[in-house]
Amino acid sequence: MDALMLPPEEEIEEPTQLRFLRRLVTVLTAVMIGGVVLIIALLVIRLNDKPALLPEMVVLPTGVEAKAVTMGETWYAVVTTGDEILIFDRLSGKLSQRIQIESADQ
């Protein structure tokens, strides 16, 4: 059994392609670990942001039903089922603009 073991000074050198492959796997592993850490950090940062300030109650004109809501820095808009966009001031809650949506078909 001892005859098969080579002394350290007589060990066979690792082939170049095998050394390249080993280094490539090591680098790719480090990149993947870094990517996972980066994604987790971005999720934590994004999820800890302050939520958008929404009014406690939105008063819509009589007979209007909301379909969608979107917000800007100083306003929020309500898209209605009647194809209108109602734009409200975020601080006062007052209706500041009413836009009728028209079809682009001519």
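Which side chain meets that of R22 in a salt bridge? The exercises below treat this and related points.

The structure is a predicted model, in which local features need pLDDT of at least 70 and side-chain atom pairs count only at pLDDT 80 or more, while totals for chains, interfaces and linings use all residues. Residues are numbered from 1 along each chain as its sequence is written, and side-chain values use heavy atoms, with hydrogens and water left out.

**Exercise 1. Identify the salt-bridge partner of R22 and describe the network to which R22 belongs.**

Solution. Step 1: apply the criterion, a side-chain nitrogen of Lys or Arg within 4 Å of a carboxyl oxygen of Asp or Glu. By this rule the model has four salt bridges.

Step 2: the partner of R22 is E14, with an N to O distance of 2.7 Å. E13 and R19 also form a salt bridge, at 3.4 Å from N to O.

Step 3: E13, E14, R19 and R22 are joined in a network of salt bridges.

Step 4: classify the accessibility, where buried means under 20% relative accessible area, exposed over 50%, and partly exposed in between (1.4 Å probe, protein chains only). E13 is exposed because its relative accessibility is 65%. R19 at 22% is partly exposed, as are E14 at 29% and R22 at 43%.

**Exercise 2. Establish the strand order of the open sheet and state which strands stand at its edges.**

Solution. Step 1: strands are DSSP runs of E with at least two residues, helices are runs of H or I with at least four residues, and both are numbered from the N terminus. Two strands pair if DSSP finds at least two bridges between them.

Step 2: the four strands of the open sheet follow the order β1-β2-β3-β4, with antiparallel pairing. Because β1 (66–71) and β4 (95–100) each have a single partner strand, they stand at the edges, and one side of each lacks a neighbour in the sheet.

Step 3: on average, neighbouring strands of this sheet are turned by 20° against each other, direction ignored. The axes behind this angle are lines fitted to C-alpha atoms, for helices over the stretch in contact, and angles run from 0 to 180 degrees between N-to-C directions.

**Exercise 3. Describe how β3 is joined to β4, from backbone bridges to side chains.**

Solution. Step 1: the antiparallel strands β3 and β4 are joined by five bridges. One bridge partner in β4 is R98, which faces L86.

Step 2: R98 also forms a salt bridge with E84, the closest N and O atoms being 3.0 Å apart. This pair links distant parts of the chain, since E84 lies in strand β3 and R98 in strand β4, 14 residues apart.

Step 3: E84 is buried at 16% relative accessibility, whereas R98 is partly exposed at 43%.

**Exercise 4. Characterise the aromatic pair of the model.**

Solution. Step 1: rings of Phe, Tyr and Trp (its six-membered ring) pair if their centres lie within 6.5 Å; planes under 30 degrees apart count as stacked, over 60 as edge-to-face and the rest as tilted. The count by this rule is one aromatic pair.

Step 2: the pair consists of Y76 and F88, which are stacked at 5.3 Å centre to centre with 15° between the planes. Y76 belongs to strand β2 (residues 75–80) and F88 to strand β3 (residues 84–89), twelve residues apart.

Step 3: Y76 is buried, with a relative accessible area of 3%, and F88 is buried at 2%.
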